Amino acid sequence: MAKKLAITVSGAVSLGSYEAGVMYEIVHAIRQHNESPDTAAEDRILIDVLTGASAGGMTATILAQRLMFQADALEGAYSNSLYTPWVKDVDILGLLAEQPGESPTKSILSSKFVEDISRRYLTSRYQSHADPPRTHHSAAADKIWLGLALSNLNGVDYKVDTWPKGEFVYTRFQDELKVLIENAASDDSMDVWEPLRNAAVSCGAFPFAFSAVEVIRHKFEYDSPNLESQILPTQNFCYTDGGVFQNEPLGMAKDLVDKIDPQHVDTENRYYLFVSHGAKKSVASSELNAGNADFLPFGSRLATAIFNQAGFQDWIMAEKVNSQIDLFNKRALDLASILKEKADPAEFVNCLEAAAKLLLPILFKNAGGDASINAARNRLKKQFATEYNGLPGGVSDTWVDAILVLETAAQMGKRDEMQILAITSDASELAGADLHAFGGFFDFKYRKHDYDVGRDKAQTFLLDPSCPLGKINFSPENIDVIDHTLDNLKLEAMDRSIREDVYSRLHDRCLHILSEAGVNKFEAIGAFDIIIGPKLKRLLKL
(Lines give C-alpha, C1' and ligand atoms only; values in the text may rest on other atoms or scores of the structure.)
Protein backbone atom coordinates (compact mmCIF):
# COMPACT_ATOMS: atom_id res chain seq x y z
CA MET A 1 0.00 0.00 0.00
CA ALA A 2 1.37 3.44 -0.94
CA LYS A 3 2.54 5.92 1.69
CA LYS A 4 0.10 8.74 2.42
CA LEU A 5 1.11 12.34 3.13
CA ALA A 6 -0.96 14.99 4.90
CA ILE A 7 0.60 18.44 4.53
CA THR A 8 0.05 21.47 6.77
CA VAL A 9 1.27 24.89 5.57
CA SER A 10 1.42 27.55 8.30
CA GLY A 11 0.72 31.27 8.11
CA ALA A 12 3.64 33.24 6.69
CA VAL A 13 2.71 36.72 5.25
CA SER A 14 5.43 37.48 2.64
CA LEU A 15 7.29 34.33 3.67
CA GLY A 16 4.71 32.41 1.70
CA SER A 17 7.52 32.59 -0.87
CA TYR A 18 9.65 30.34 1.35
CA GLU A 19 6.78 27.87 1.73
CA ALA A 20 6.17 27.96 -2.03
CA GLY A 21 9.79 26.90 -2.57
CA VAL A 22 9.43 24.02 -0.14
CA MET A 23 6.21 22.81 -1.71
CA TYR A 24 7.54 23.03 -5.27
CA GLU A 25 10.43 20.72 -4.37
CA ILE A 26 8.26 18.28 -2.43
CA VAL A 27 5.73 17.90 -5.24
CA HIS A 28 8.41 17.81 -7.96
CA ALA A 29 10.40 15.12 -6.13
CA ILE A 30 7.34 12.96 -5.39
CA ARG A 31 6.31 13.10 -9.05
CA GLN A 32 9.72 11.81 -10.15
CA HIS A 33 9.70 9.21 -7.40
CA ASN A 34 6.22 7.88 -8.22
CA GLU A 35 6.95 7.73 -11.94
CA SER A 36 10.35 6.06 -11.52
CA PRO A 37 10.58 2.38 -12.61
CA ASP A 38 12.76 1.84 -9.53
CA THR A 39 9.90 2.73 -7.16
CA ALA A 40 7.82 -0.20 -5.91
CA ALA A 41 4.05 0.29 -5.68
CA GLU A 42 4.15 0.21 -1.88
CA ASP A 43 6.86 2.90 -1.83
CA ARG A 44 4.87 5.46 -3.82
CA ILE A 45 3.88 8.61 -1.92
CA LEU A 46 0.46 10.18 -2.38
CA ILE A 47 -0.70 13.54 -1.05
CA ASP A 48 -4.29 13.23 0.16
CA VAL A 49 -4.65 16.04 2.73
CA LEU A 50 -3.71 19.72 2.51
CA THR A 51 -4.42 22.21 5.30
CA GLY A 52 -3.35 25.81 5.57
CA ALA A 53 -3.69 28.95 7.64
CA SER A 54 -3.34 32.56 6.51
CA ALA A 55 -0.84 32.67 3.61
CA GLY A 56 -0.59 28.88 3.84
CA GLY A 57 -4.30 28.63 3.07
CA MET A 58 -3.83 30.23 -0.34
CA THR A 59 -0.84 27.98 -1.06
CA ALA A 60 -2.79 24.87 -0.05
CA THR A 61 -5.77 25.87 -2.20
CA ILE A 62 -3.71 26.57 -5.34
CA LEU A 63 -1.76 23.35 -4.76
CA ALA A 64 -4.93 21.26 -4.36
CA GLN A 65 -6.35 22.50 -7.67
CA ARG A 66 -3.10 22.02 -9.58
CA LEU A 67 -2.51 18.54 -8.18
CA MET A 68 -5.98 17.40 -9.15
CA PHE A 69 -6.49 19.14 -12.48
CA GLN A 70 -3.42 21.06 -13.77
CA ALA A 71 -0.35 18.95 -13.12
CA ASP A 72 1.77 20.70 -15.75
CA ALA A 73 1.33 24.04 -13.95
CA LEU A 74 3.47 22.71 -11.11
CA GLU A 75 6.49 22.19 -13.37
CA GLY A 76 9.36 24.66 -13.83
CA ALA A 77 11.28 25.82 -10.78
CA TYR A 78 10.88 29.49 -11.70
CA SER A 79 7.60 29.43 -13.58
CA ASN A 80 5.25 27.17 -11.63
CA SER A 81 1.92 28.16 -10.07
CA LEU A 82 3.40 28.56 -6.60
CA TYR A 83 6.42 30.63 -7.63
CA THR A 84 4.61 33.17 -9.79
CA PRO A 85 1.97 34.38 -7.30
CA TRP A 86 4.29 34.38 -4.29
CA VAL A 87 7.49 35.69 -5.88
CA LYS A 88 6.71 37.48 -9.16
CA ASP A 89 3.21 38.90 -8.85
CA VAL A 90 3.00 40.37 -5.36
CA ASP A 91 4.87 43.49 -4.17
CA ILE A 92 4.42 46.25 -1.62
CA LEU A 93 3.66 49.05 -4.08
CA GLY A 94 0.88 47.01 -5.67
CA LEU A 95 -0.47 46.24 -2.22
CA LEU A 96 -0.40 49.92 -1.26
CA ALA A 97 -2.09 51.18 -4.44
CA GLU A 98 -5.71 51.91 -3.62
CA GLN A 99 -7.93 50.53 -6.37
CA PRO A 100 -11.33 51.81 -7.52
CA GLY A 101 -14.14 50.92 -5.16
CA GLU A 102 -11.89 50.25 -2.16
CA SER A 103 -12.47 52.03 1.13
CA PRO A 104 -9.34 53.26 2.95
CA THR A 105 -11.18 52.91 6.27
CA LYS A 106 -11.35 49.13 5.93
CA SER A 107 -7.72 48.21 5.24
CA ILE A 108 -4.23 49.66 4.89
CA LEU A 109 -3.35 47.46 1.91
CA SER A 110 -5.32 46.70 -1.23
CA SER A 111 -7.55 43.68 -0.81
CA LYS A 112 -8.54 43.92 -4.46
CA PHE A 113 -4.90 43.38 -5.45
CA VAL A 114 -4.95 40.05 -3.58
CA GLU A 115 -8.39 39.21 -5.00
CA ASP A 116 -7.06 39.72 -8.52
CA ILE A 117 -4.14 37.36 -7.90
CA SER A 118 -6.47 34.74 -6.42
CA ARG A 119 -8.74 34.89 -9.48
CA ARG A 120 -5.76 34.62 -11.81
CA TYR A 121 -4.62 31.39 -10.17
CA LEU A 122 -7.87 29.75 -9.08
CA THR A 123 -10.78 30.70 -11.33
CA SER A 124 -9.39 32.11 -14.59
CA ARG A 125 -9.41 28.62 -16.11
CA TYR A 126 -13.21 28.67 -15.91
CA GLN A 127 -13.73 32.01 -17.64
CA SER A 128 -14.35 30.48 -21.06
CA HIS A 129 -17.25 28.14 -21.77
CA ALA A 130 -14.89 25.44 -23.02
CA ASP A 131 -14.28 22.49 -20.72
CA PRO A 132 -10.67 23.00 -19.49
CA PRO A 133 -8.27 20.10 -20.09
CA ARG A 134 -7.48 18.09 -16.97
CA THR A 135 -4.16 16.49 -16.01
CA HIS A 136 -3.95 14.63 -12.70
CA HIS A 137 -0.60 14.88 -10.90
CA SER A 138 1.15 11.62 -10.06
CA ALA A 139 1.87 12.93 -6.53
CA ALA A 140 -1.85 13.29 -5.83
CA ALA A 141 -4.26 10.72 -4.47
CA ASP A 142 -7.57 10.23 -6.30
CA LYS A 143 -9.19 12.44 -3.67
CA ILE A 144 -7.72 15.30 -1.65
CA TRP A 145 -9.18 16.81 1.49
CA LEU A 146 -8.55 20.57 1.64
CA GLY A 147 -8.84 22.31 4.99
CA LEU A 148 -8.62 26.06 5.63
CA ALA A 149 -8.29 27.71 9.03
CA LEU A 150 -10.76 30.60 9.34
CA SER A 151 -11.64 33.24 11.93
CA ASN A 152 -15.37 33.94 12.09
CA LEU A 153 -15.82 37.45 13.55
CA ASN A 154 -19.57 36.93 13.98
CA GLY A 155 -19.12 33.78 16.00
CA VAL A 156 -21.28 30.67 16.32
CA ASP A 157 -22.95 29.65 19.60
CA TYR A 158 -22.76 26.20 21.15
CA LYS A 159 -24.56 24.92 24.24
CA VAL A 160 -23.61 22.42 26.90
CA ASP A 161 -26.27 21.24 29.36
CA THR A 162 -25.38 21.45 33.05
CA TRP A 163 -26.94 19.94 36.14
CA PRO A 164 -29.51 20.67 37.44
CA LYS A 165 -31.55 21.90 34.46
CA GLY A 166 -29.01 24.50 33.42
CA GLU A 167 -26.96 25.26 30.36
CA PHE A 168 -23.67 26.83 29.40
CA VAL A 169 -23.54 28.75 26.11
CA TYR A 170 -20.23 29.70 24.54
CA THR A 171 -19.38 31.45 21.29
CA ARG A 172 -16.76 29.94 19.00
CA PHE A 173 -14.82 32.23 16.65
CA GLN A 174 -12.23 29.73 15.44
CA ASP A 175 -13.70 28.19 12.30
CA GLU A 176 -12.71 25.80 9.51
CA LEU A 177 -13.65 24.95 5.96
CA LYS A 178 -13.15 21.33 4.90
CA VAL A 179 -13.81 20.22 1.33
CA LEU A 180 -13.24 16.88 -0.40
CA ILE A 181 -11.96 17.37 -3.95
CA GLU A 182 -12.28 14.41 -6.30
CA ASN A 183 -10.59 13.77 -9.60
CA ALA A 184 -13.78 14.37 -11.55
CA ALA A 185 -15.04 16.94 -14.06
CA SER A 186 -17.78 18.03 -11.63
CA ASP A 187 -15.14 19.22 -9.14
CA ASP A 188 -13.20 21.11 -11.81
CA SER A 189 -15.70 23.96 -12.09
CA MET A 190 -16.35 27.56 -11.16
CA ASP A 191 -19.11 26.42 -8.77
CA VAL A 192 -16.53 24.59 -6.68
CA TRP A 193 -13.54 26.90 -6.95
CA GLU A 194 -15.08 30.37 -6.65
CA PRO A 195 -16.23 29.69 -3.05
CA LEU A 196 -12.85 28.10 -2.29
CA ARG A 197 -11.04 31.08 -3.78
CA ASN A 198 -13.05 33.48 -1.63
CA ALA A 199 -12.45 31.36 1.49
CA ALA A 200 -8.71 31.23 0.76
CA VAL A 201 -8.64 35.05 0.51
CA SER A 202 -10.46 35.32 3.84
CA CYS A 203 -8.02 32.81 5.34
CA GLY A 204 -5.17 35.26 4.63
CA ALA A 205 -6.97 38.55 5.37
CA PHE A 206 -4.41 39.81 7.89
CA PRO A 207 -6.27 42.07 10.38
CA PHE A 208 -6.19 45.78 9.46
CA ALA A 209 -3.79 45.12 6.57
CA PHE A 210 -6.65 43.65 4.50
CA SER A 211 -10.41 43.99 4.57
CA ALA A 212 -12.60 41.42 6.26
CA VAL A 213 -14.21 38.99 3.81
CA GLU A 214 -17.78 37.73 3.53
CA VAL A 215 -17.89 33.95 3.15
CA ILE A 216 -20.99 31.90 2.41
CA ARG A 217 -21.36 28.91 4.72
CA HIS A 218 -23.94 26.13 4.71
CA LYS A 219 -26.02 24.61 7.45
CA PHE A 220 -24.61 21.11 6.80
CA GLU A 221 -21.11 22.38 7.66
CA TYR A 222 -22.17 22.95 11.28
CA ASP A 223 -23.22 19.47 12.40
CA SER A 224 -22.26 19.51 16.09
CA PRO A 225 -25.05 18.24 18.39
CA ASN A 226 -24.17 21.14 20.71
CA LEU A 227 -24.88 23.82 18.08
CA GLU A 228 -27.09 26.56 19.54
CA SER A 229 -27.03 29.18 16.76
CA GLN A 230 -29.75 28.85 14.13
CA ILE A 231 -27.77 28.47 10.89
CA LEU A 232 -29.65 29.13 7.66
CA PRO A 233 -29.29 26.75 4.69
CA THR A 234 -26.82 29.32 3.29
CA GLN A 235 -25.54 32.13 5.47
CA ASN A 236 -22.89 34.84 5.19
CA PHE A 237 -20.33 35.29 7.94
CA CYS A 238 -17.58 37.91 8.24
CA TYR A 239 -14.06 36.48 8.34
CA THR A 240 -10.52 37.64 9.01
CA ASP A 241 -7.13 35.89 8.95
CA GLY A 242 -7.45 32.23 9.96
CA GLY A 243 -4.08 32.40 11.67
CA VAL A 244 -5.52 34.55 14.46
CA PHE A 245 -6.77 31.42 16.24
CA GLN A 246 -5.11 28.54 14.38
CA ASN A 247 -1.89 29.44 12.58
CA GLU A 248 -0.60 25.87 12.33
CA PRO A 249 -3.64 23.65 11.60
CA LEU A 250 -1.98 20.31 12.22
CA GLY A 251 -4.99 19.14 14.24
CA MET A 252 -7.25 19.81 11.25
CA ALA A 253 -5.00 17.61 9.12
CA LYS A 254 -5.40 14.84 11.72
CA ASP A 255 -9.20 15.23 11.66
CA LEU A 256 -9.19 14.90 7.88
CA VAL A 257 -6.95 11.83 8.02
CA ASP A 258 -9.49 10.27 10.41
CA LYS A 259 -12.16 10.77 7.74
CA ILE A 260 -10.00 8.89 5.26
CA ASP A 261 -8.95 6.10 7.63
CA PRO A 262 -11.45 6.02 10.53
CA GLN A 263 -10.29 2.60 11.74
CA HIS A 264 -6.60 3.57 11.60
CA VAL A 265 -5.69 0.48 9.63
CA ASP A 266 -3.01 2.31 7.62
CA THR A 267 -1.22 4.19 10.41
CA GLU A 268 2.19 2.77 9.58
CA ASN A 269 2.02 4.30 6.09
CA ARG A 270 0.69 7.70 7.21
CA TYR A 271 2.93 10.75 7.53
CA TYR A 272 2.26 14.39 8.41
CA LEU A 273 4.46 17.09 6.89
CA PHE A 274 4.55 20.47 8.60
CA VAL A 275 5.86 23.37 6.48
CA SER A 276 6.62 26.68 8.16
CA HIS A 277 8.98 29.63 7.85
CA GLY A 278 9.59 29.51 11.61
CA ALA A 279 11.41 26.72 13.41
CA LYS A 280 9.86 25.45 16.64
CA LYS A 281 12.08 26.74 19.42
CA SER A 282 11.89 27.91 22.99
CA VAL A 283 10.48 31.31 23.90
CA ALA A 284 10.90 30.67 27.62
CA SER A 285 12.31 33.52 29.69
CA SER A 286 13.53 33.77 33.27
CA GLU A 287 13.89 37.57 33.17
CA LEU A 288 10.39 38.41 34.44
CA ASN A 289 9.74 38.06 38.14
CA ALA A 290 7.27 39.46 40.66
CA GLY A 291 9.63 42.32 41.46
CA ASN A 292 10.01 43.69 37.92
CA ALA A 293 6.57 42.80 36.52
CA ASP A 294 5.52 46.39 35.83
CA PHE A 295 2.74 47.06 33.33
CA LEU A 296 4.88 47.18 30.17
CA PRO A 297 7.14 44.13 30.72
CA PHE A 298 4.21 42.18 32.17
CA GLY A 299 1.95 43.06 29.22
CA SER A 300 4.67 42.23 26.70
CA ARG A 301 5.34 38.86 28.29
CA LEU A 302 1.62 38.08 28.59
CA ALA A 303 1.11 38.81 24.86
CA THR A 304 4.04 36.50 24.04
CA ALA A 305 2.59 33.75 26.24
CA ILE A 306 -0.92 33.96 24.76
CA PHE A 307 0.30 34.12 21.15
CA ASN A 308 2.69 31.20 21.49
CA GLN A 309 0.26 29.06 23.48
CA ALA A 310 -2.37 29.53 20.76
CA GLY A 311 0.19 28.82 18.04
CA PHE A 312 1.28 25.59 19.68
CA GLN A 313 -2.18 24.23 20.53
CA ASP A 314 -2.15 21.58 17.79
CA TRP A 315 1.38 20.53 18.71
CA ILE A 316 0.30 20.15 22.34
CA MET A 317 -2.62 17.98 21.17
CA ALA A 318 -0.32 15.80 19.07
CA GLU A 319 2.16 15.40 21.94
CA LYS A 320 -0.62 14.44 24.36
CA VAL A 321 -2.17 11.88 22.00
CA ASN A 322 1.21 10.36 21.13
CA SER A 323 2.05 10.08 24.85
CA GLN A 324 -1.26 8.33 25.55
CA ILE A 325 -0.68 5.93 22.68
CA ASP A 326 2.85 5.19 23.92
CA LEU A 327 1.41 4.32 27.34
CA PHE A 328 -1.27 2.09 25.81
CA ASN A 329 1.35 0.30 23.68
CA LYS A 330 3.44 -0.31 26.79
CA ARG A 331 0.47 -1.78 28.67
CA ALA A 332 -0.34 -4.05 25.71
CA LEU A 333 3.24 -5.33 25.53
CA ASP A 334 3.36 -5.79 29.31
CA LEU A 335 0.24 -7.97 29.15
CA ALA A 336 1.73 -10.04 26.31
CA SER A 337 4.89 -10.57 28.40
CA ILE A 338 2.84 -11.72 31.39
CA LEU A 339 1.01 -14.29 29.24
CA LYS A 340 4.30 -15.56 27.81
CA GLU A 341 5.95 -15.90 31.23
CA LYS A 342 3.11 -17.82 32.94
CA ALA A 343 3.80 -21.53 32.95
CA ASP A 344 0.07 -22.32 32.95
CA PRO A 345 -1.81 -19.24 31.75
CA ALA A 346 -5.16 -21.02 31.35
CA GLU A 347 -6.89 -19.61 34.46
CA PHE A 348 -5.62 -16.08 33.77
CA VAL A 349 -6.62 -16.33 30.11
CA ASN A 350 -10.09 -17.58 31.05
CA CYS A 351 -10.59 -14.56 33.32
CA LEU A 352 -9.49 -12.17 30.56
CA GLU A 353 -11.73 -13.89 28.03
CA ALA A 354 -14.77 -13.75 30.31
CA ALA A 355 -14.20 -10.06 31.05
CA ALA A 356 -13.74 -9.22 27.36
CA LYS A 357 -16.90 -11.10 26.35
CA LEU A 358 -18.86 -9.12 28.93
CA LEU A 359 -17.35 -5.67 28.24
CA LEU A 360 -16.84 -5.50 24.47
CA PRO A 361 -20.56 -5.62 23.53
CA ILE A 362 -21.20 -2.82 26.06
CA LEU A 363 -18.30 -0.68 24.85
CA PHE A 364 -19.27 -1.11 21.17
CA LYS A 365 -23.05 -0.90 21.71
CA ASN A 366 -23.32 2.46 19.96
CA ALA A 367 -20.34 2.00 17.67
CA GLY A 368 -21.40 -0.66 15.18
CA GLY A 369 -21.52 -3.78 17.35
CA ASP A 370 -19.89 -7.03 16.16
CA ALA A 371 -18.76 -5.63 12.80
CA SER A 372 -16.84 -2.82 14.49
CA ILE A 373 -15.41 -5.20 17.09
CA ASN A 374 -14.06 -7.49 14.37
CA ALA A 375 -12.60 -4.53 12.43
CA ALA A 376 -10.89 -3.28 15.59
CA ARG A 377 -9.55 -6.77 16.33
CA ASN A 378 -8.03 -7.00 12.85
CA ARG A 379 -6.45 -3.56 13.24
CA LEU A 380 -4.78 -4.58 16.53
CA LYS A 381 -3.62 -7.89 15.08
CA LYS A 382 -1.90 -5.96 12.31
CA GLN A 383 -0.53 -3.26 14.66
CA PHE A 384 0.88 -5.84 17.11
CA ALA A 385 1.64 -8.58 14.56
CA THR A 386 4.92 -9.63 16.23
CA GLU A 387 3.37 -10.03 19.68
CA TYR A 388 0.18 -11.64 18.33
CA ASN A 389 2.10 -14.24 16.30
CA GLY A 390 4.38 -14.93 19.27
CA LEU A 391 1.53 -16.15 21.50
CA PRO A 392 -0.31 -19.49 21.27
CA GLY A 393 -3.48 -19.43 19.14
CA GLY A 394 -6.17 -19.25 21.83
CA VAL A 395 -4.08 -17.00 24.03
CA SER A 396 -3.31 -14.53 21.23
CA ASP A 397 -6.99 -13.93 20.42
CA THR A 398 -7.84 -13.42 24.09
CA TRP A 399 -4.92 -11.03 24.43
CA VAL A 400 -6.22 -8.97 21.47
CA ASP A 401 -9.69 -8.79 23.05
CA ALA A 402 -8.18 -7.76 26.39
CA ILE A 403 -6.16 -4.88 24.93
CA LEU A 404 -9.17 -3.89 22.81
CA VAL A 405 -11.12 -3.46 26.06
CA LEU A 406 -8.34 -1.26 27.45
CA GLU A 407 -8.11 0.78 24.24
CA THR A 408 -11.85 1.32 23.87
CA ALA A 409 -12.47 2.12 27.54
CA ALA A 410 -9.76 4.80 27.31
CA GLN A 411 -11.26 6.05 24.01
CA MET A 412 -7.95 5.41 22.30
CA GLY A 413 -9.47 3.52 19.37
CA LYS A 414 -10.23 6.79 17.60
CA ARG A 415 -6.64 7.95 17.92
CA ASP A 416 -3.44 6.94 16.26
CA GLU A 417 0.13 8.06 16.59
CA MET A 418 1.14 10.94 14.34
CA GLN A 419 4.43 10.59 12.48
CA ILE A 420 5.20 14.29 12.09
CA LEU A 421 7.91 15.50 9.72
CA ALA A 422 8.84 19.17 9.43
CA ILE A 423 10.60 21.49 7.02
CA THR A 424 11.21 24.79 8.77
CA SER A 425 13.65 27.66 8.64
CA ASP A 426 14.87 30.37 10.97
CA ALA A 427 14.53 34.14 10.59
CA SER A 428 18.34 34.34 10.41
CA GLU A 429 18.21 32.45 7.09
CA LEU A 430 15.52 34.55 5.42
CA ALA A 431 15.42 37.96 3.77
CA GLY A 432 11.76 38.87 4.33
CA ALA A 433 11.26 38.07 8.01
CA ASP A 434 11.60 41.63 9.35
CA LEU A 435 8.61 43.93 9.90
CA HIS A 436 6.55 40.98 11.15
CA ALA A 437 7.27 39.03 7.93
CA PHE A 438 6.03 41.85 5.66
CA GLY A 439 9.64 42.65 4.67
CA GLY A 440 9.63 40.23 1.75
CA PHE A 441 7.01 42.32 -0.06
CA PHE A 442 9.53 45.18 -0.38
CA ASP A 443 11.57 43.63 -3.20
CA PHE A 444 11.43 40.76 -5.68
CA LYS A 445 14.97 39.71 -4.79
CA TYR A 446 13.97 39.17 -1.13
CA ARG A 447 11.11 36.87 -2.11
CA LYS A 448 13.28 35.06 -4.64
CA HIS A 449 15.95 34.55 -1.97
CA ASP A 450 13.42 33.03 0.45
CA TYR A 451 11.88 30.83 -2.25
CA ASP A 452 15.31 29.40 -3.02
CA VAL A 453 16.01 28.87 0.69
CA GLY A 454 12.76 26.88 0.81
CA ARG A 455 13.87 24.80 -2.17
CA ASP A 456 17.24 24.15 -0.57
CA LYS A 457 15.66 23.12 2.74
CA ALA A 458 13.30 20.72 0.97
CA GLN A 459 16.07 19.13 -1.10
CA THR A 460 18.17 18.60 2.03
CA PHE A 461 15.17 16.97 3.72
CA LEU A 462 14.44 14.69 0.75
CA LEU A 463 18.07 13.63 0.24
CA ASP A 464 18.65 12.74 3.91
CA PRO A 465 19.18 8.93 4.03
CA SER A 466 17.34 8.80 7.37
CA CYS A 467 14.20 10.51 6.03
CA PRO A 468 11.22 8.47 7.35
CA LEU A 469 9.62 8.58 3.89
CA GLY A 470 12.47 6.36 2.67
CA LYS A 471 14.73 6.81 -0.33
CA ILE A 472 13.18 9.26 -2.80
CA ASN A 473 14.02 8.42 -6.42
CA PHE A 474 14.51 11.88 -7.87
CA SER A 475 17.15 14.09 -9.42
CA PRO A 476 17.28 17.51 -7.72
CA GLU A 477 17.13 20.50 -10.05
CA ASN A 478 19.73 23.23 -9.81
CA ILE A 479 18.93 26.11 -7.47
CA ASP A 480 20.07 29.61 -8.41
CA VAL A 481 23.00 30.83 -6.32
CA ILE A 482 21.60 32.13 -3.02
CA ASP A 483 22.89 35.56 -2.00
CA HIS A 484 23.63 34.98 1.67
CA THR A 485 24.22 38.68 2.27
CA LEU A 486 20.40 38.83 2.34
CA ASP A 487 20.17 36.31 5.20
CA ASN A 488 18.57 37.85 8.30
CA LEU A 489 18.03 41.10 6.41
CA LYS A 490 16.90 44.00 8.57
CA LEU A 491 14.62 46.78 7.43
CA GLU A 492 17.31 49.46 7.70
CA ALA A 493 19.44 47.52 5.20
CA MET A 494 16.67 47.36 2.60
CA ASP A 495 16.63 49.78 -0.33
CA ARG A 496 15.93 53.22 1.15
CA SER A 497 14.08 54.41 -1.96
CA ILE A 498 11.59 51.55 -1.55
CA ARG A 499 11.05 52.43 2.10
CA GLU A 500 10.52 56.05 1.13
CA ASP A 501 7.96 54.97 -1.48
CA VAL A 502 6.20 52.93 1.18
CA TYR A 503 6.22 55.92 3.54
CA SER A 504 4.76 58.14 0.81
CA ARG A 505 2.00 55.64 0.02
CA LEU A 506 1.18 55.22 3.71
CA HIS A 507 1.14 59.01 4.13
CA ASP A 508 -1.52 59.28 1.40
CA ARG A 509 -3.48 56.34 2.81
CA CYS A 510 -3.48 57.80 6.32
CA LEU A 511 -4.68 61.22 5.15
CA HIS A 512 -7.41 59.52 3.10
CA ILE A 513 -8.49 57.45 6.13
CA LEU A 514 -8.62 60.54 8.35
CA SER A 515 -10.61 62.38 5.69
CA GLU A 516 -13.10 59.52 5.43
CA ALA A 517 -13.41 59.62 9.22
CA GLY A 518 -14.51 63.28 9.04
CA VAL A 519 -11.25 64.97 10.04
CA ASN A 520 -10.65 68.20 8.13
CA LYS A 521 -7.61 68.50 5.88
CA PHE A 522 -5.47 70.74 8.13
CA GLU A 523 -6.16 68.72 11.26
CA ALA A 524 -5.37 65.51 9.38
CA ILE A 525 -2.05 66.89 8.11
CA GLY A 526 -1.20 68.10 11.61
CA ALA A 527 -2.06 64.77 13.20
CA PHE A 528 0.08 62.95 10.67
CA ASP A 529 3.08 65.29 10.91
CA ILE A 530 3.10 65.38 14.71
CA ILE A 531 1.93 61.91 15.75
CA ILE A 532 1.66 59.33 12.96
CA GLY A 533 4.51 60.36 10.64
CA PRO A 534 7.35 60.21 13.19
CA LYS A 535 6.21 56.78 14.40
CA LEU A 536 5.95 55.56 10.83
CA LYS A 537 9.46 56.81 10.04
CA ARG A 538 10.82 54.96 13.07
CA LEU A 539 9.00 51.82 11.97
CA LEU A 540 10.48 52.04 8.46
CA LYS A 541 13.90 53.07 9.78
CA LEU A 542 13.90 56.39 7.89
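**Figure 1. Helix 1 packed against helix 15 in the predicted model.** Here residues 16-35, forming helix 1, pack with residues 444-463, forming helix 15. Their axes lie 6 Å apart, at an angle of about 40°. That angle makes helix 1 oblique to helix 15, and the crossing of the two is right-handed. On the side of helix 1, the contact is made by Ser17, Tyr18, Ala20, Gly21, Val22, Tyr24, Glu25, Ile26 and Ala29. Helix 15 contributes Arg447, Asp450, Tyr451, Val453, Gly454, Arg455, Lys457, Ala458, Gln459, Phe461 and Leu462. If you like to sort a contact by residue class, this one has 11 nonpolar, 4 polar and 5 charged residues.

**Figure 2. Helix 2 alongside helix 6.** Two numbers set the scene for a view like this: a helix pair is described by the angle between the axes and by the distance between them. For helix 2 (residues 55-69) and helix 6 (residues 190-203), the angle is about 155° and the axes are 8 Å apart. Helix 2 and helix 6 are therefore roughly antiparallel, as angles over 145 degrees are counted that way. From helix 2, look for Gly57, Met58, Thr61, Ala64, Gln65 and Phe69. They meet Trp193, Leu196, Ala200, Val201 and Cys203 of helix 6. This contact holds 8 nonpolar and 3 polar residues, with no charged ones.

**Figure 3. Cys203 and the question of disulfides.** Cys203 is one of the helix 6 residues that meet helix 2. Is Cys203 buried or exposed? Its relative accessibility is 0%, so Cys203 counts as buried. A disulfide is a covalent bond joining the sulfur atoms of two cysteines. Where is the closest cysteine sulfur to that of Cys203? It belongs to Cys238 and is 15 Å away, which is too far for a bond, given that a disulfide needs the two sulfur atoms within 2.5 Å. The count of disulfides comes to 0.

**Figure 4. Helix 5 crossing helix 6.** In this view the axes of helix 5 and helix 6 come within 10 Å and cross at roughly 140°. The crossing is right-handed. Helix 5 brings Glu115, Ser118, Arg119 and Leu122 to the contact, while helix 6 brings Trp193, Glu194, Arg197, Asn198 and Val201. By class, there are 3 nonpolar, 2 polar and 4 charged residues. Trp193 and Val201 of helix 6 also take part in the contact with helix 2.

**Figure 5. A closer look at Glu115.** Glu115 sits in helix 5, which covers residues 111-122. With a relative accessibility of 17%, this glutamate counts as buried, because the label applies under 20%. Which residues does Glu115 contact, leaving aside its neighbours within four places in sequence? They are Arg197, Asn198 and Val201, and these three are among the helix 6 residues that meet helix 5.

**Figure 6. Two loop residues with positive phi, Val13 and Phe208.** As a backdrop for this pair of close-ups, most residues other than glycine have a negative phi. Val13 has a positive phi, near 55°. Val13 is placed in the loop between strand 1 (3-9) and helix 1, and at 14% relative accessibility Val13 counts as buried. Phe208, also not a glycine, has a positive phi of about 75°. The loop that holds Phe208 runs between helix 6 and strand 5 (213-218). At 70% relative accessibility, Phe208 counts as exposed.

**Figure 7. Phe384 in the loop between helix 11 and helix 12.** Helix 11 covers 369-383 and helix 12 covers 385-389, with Phe384 in the loop between them. Phe384 has a relative accessible area of 4% and is buried. Although Phe384 and Val400 are 16 residues apart along the chain, their C-alpha atoms are separated by 8.9 Å.

**Figure 8. Asn488 and its contacts.** Asn488 lies in the loop between helix 15 and helix 16 (496-516). This asparagine is partly exposed, with 34% relative accessible area. Leaving aside neighbours within four places in sequence, Asn488 is in contact with Ala427, Ser428, Glu429 and Leu430. Tyr446 is 42 residues away along the chain, and its C-alpha atom is separated from that of Asn488 by 11 Å.

Notes. Residues are numbered from 1 along each chain as its sequence is written. This is a predicted model: local features need pLDDT of at least 70, side-chain atom pairs count only at pLDDT 80 or more; totals for chains, interfaces and linings use all residues. Side-chain values use heavy atoms; hydrogens and water are left out. Axes are lines fitted to C-alpha atoms, for helices over the stretch in contact, and angles run from 0 to 180 degrees between N-to-C directions. Helices (H or I, at least four residues) and strands (E, at least two) are DSSP runs, numbered from the N terminus. Angles under 35 degrees count as roughly parallel, over 145 as roughly antiparallel, 65 to 115 as roughly perpendicular and the rest as oblique. A crossing is left-handed if the near helix is turned anticlockwise from the far one by less than a right angle, and right-handed if clockwise. Contact means heavy atoms within 4.5 Å. Ala, Val, Leu, Ile, Met, Phe, Trp, Tyr, Cys and Pro count as nonpolar, Asp, Glu, Lys and Arg as charged, and the others, Gly among them, as polar. Buried means under 20% relative accessible area, exposed over 50%, partly exposed in between (1.4 Å probe, protein chains only).
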